[in-house]
Amino acid sequence: MEILRIVITGGVGAGKSSLIRTISEIDVVDTEKEVTDELAEMKAKTTVAMDFGRITIAANQSLHLYGTPGQTRFDFMWDILIRKAQAYILLVAAHRPDHFRYGRKIVKFMNERVQIPYLIGVTHTDCADAWELEDVALALGFVDETTRPPLLAVNATETASVKEALMAIVLELAKSCQHQL
Ligand SMILES: Nc1nc2c(ncn2[C@@H]2O[C@H](COP(=O)(O)OP(=O)(O)O)[C@@H](O)[C@H]2O)c(=O)[nH]1
Ligand SMILES: [Mg+2]
């Protein structure tokens with residue numbers, strides 16, 4: 001069995017959990033937990049791990065999807081997740097320009113640690129006040145269309161849309177493997 005590990009990242013509300021839940025064949029392990037021991041005094045609620053989902057794409061091939069933890073700080077969980085990942089999808093909510101900066105930060109953080117294919121999934125394009133894809137790309141700092149990662153609209157709540165995004169990232173992965181040969 002070949003397992004492709006893909007990290008789904010993005011700001012709070014971007015659609016990470018939805019995307020994984022929409023497509024996963026297994027019940028999503030949602031690990032946002034109330035902390036009941038003495039730690040609770042420090043923090044009422046914490047994300048102890050991440051969303052996890054699985055999808056079979058061929059008889060001997062499956063995708064494992066890992067959502068990054070909810071809070072905005074980059075902790076050890078991120079390091080564990082991204083070192084295992086073969087590719088990642090950054091979700092950016094088109095109607096939340098105040099989150100674009102965080103999106104840029106994630107890309108920078110990832111680029112400093114791993115060289116793996118990625119794409120930008122722009123969610124909430126159906127919402128009022130959603131920015132156009134091109135404007136989201138520019139706001140994220142991708143000025144040159146020829147060198148930027150693929151950028152596509154994704155509705156994290158729709159199966160067909162999520163499938164399209166996953167197919168696109170698998171394609172990126174295949175391309176990067178070819179380059180390495
Ligand atoms: N209208 C719309 N709602 C979306 C889209 N993607 C996600 N959502 C909704 O946005 C909310 C936040 O999504 P969630 O998956 O919890 O975000 P997370 O914080 O990144 O895990 C949920 O209510 C989703 O149903 C989208 O493309 N369009
Ligand atoms: Mg979530």
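# Close-up views of salt bridges, a cavity and a helix face

**Arginine 148, a residue that counts as buried at 18% relative accessibility.** In this predicted model, the side chain of arginine 148 meets that of glutamate 134 in a salt bridge, with a distance of 3.1 Å from N to O. Arginine 148 belongs to the loop between α4 (133–139) and β8 (151–153), whereas glutamate 134 belongs to helix α4, so the pair ties together parts that are 14 residues apart in sequence. Glutamate 134, for its part, is partly exposed, with a relative accessible area of 39%.

**A network of salt bridges that share partners.** Asp79, Arg83, Lys108, Glu112 and Arg113 are joined into one network in this way. Within this group, glutamate 112 forms a salt bridge with arginine 113, and the closest N and O atoms of the two are 3.9 Å apart; the cut-off for such a pair is 4 Å. Glutamate 112 counts as exposed at 53% relative accessibility, while arginine 113 counts as partly exposed at 31%.

**The salt bridge of arginine 96 with aspartate 98.** The closest N and O atoms of this pair are 3.1 Å apart. Aspartate 98 has a relative accessibility of 54% and therefore counts as exposed, since the limit for that class is over 50%, whereas arginine 96, with a relative accessible area of 32%, is partly exposed. The search of the whole structure finds eight salt bridges, and the pair of arginine 96 and aspartate 98 is one of them.

**The one cavity of 30 Å³ or more that a search of the whole structure finds.** The volume of this largest cavity is about 50 Å³. Its lining consists of Gly10, Gly11, Ala14, Leu91, Val92, Ala93, His99, Tyr102, Gly103 and Ile106, and both β6 (87–93) and α3 (100–113) supply at least two of these residues each. By side-chain class, the lining of the largest cavity divides into six nonpolar and four polar residues, with no charged residue.

**The buried residues of helix α1 (residues 16–23).** Lys16, Leu19, Ile20 and Ile23 are the buried residues in this helix. When α1 is seen down its axis, these buried residues fall within an arc of 90 degrees, so they line one face of the helix. The elements against which the buried residues of α1 pack are β1 (2–10), β4 (52–58), β5 (61–67), β6 and α5 (159–180). Strand β6 thus appears in two of these close-ups, as a partner in the packing of α1 and as a contributor to the lining of the largest cavity.

**The chain as the setting for the close-ups, with five helices and eight strands.** From the N terminus on, its elements run in the order β-α-β-β-β-β-α-β-α-β-α-β-α. The chain has 181 residues, and buried residues make up 46% of them. Among the contacts in the chain with a separation of 6 or more, 69% are accounted for by residues 24 or more positions apart. Lys16, Leu19, Ile20 and Ile23 of α1, shown in the preceding view, are among the buried residues, as is arginine 148, which counts as buried at 18% relative accessibility.

Note on methods
Residues numbered from 1 in each chain as written. Chains lettered and ligands numbered in written order. Predicted model: local features only at pLDDT ≥ 70, side-chain atom pairs only at ≥ 80, totals over all residues. Heavy atoms only, no water. Buried < 20%, exposed > 50% of the residue type's maximum accessible area, 1.4 Å probe, protein only. Helix = DSSP H or I, 4+ residues; strand = E, 2+ residues; numbered from the N terminus. 1 Å grid on protein atoms, 1.4 Å probe; cavity = no way out; pocket = protein on both sides within 12 Å on 5 of 7 lines; lining within 4 Å. Points joined across faces, edges and corners; volume = space filled by probe spheres on them. Nonpolar A, V, L, I, M, F, W, Y, C, P; charged D, E, K, R; others polar. Arc of directions from axis to C-beta. Contact = heavy atoms within 4.5 Å.
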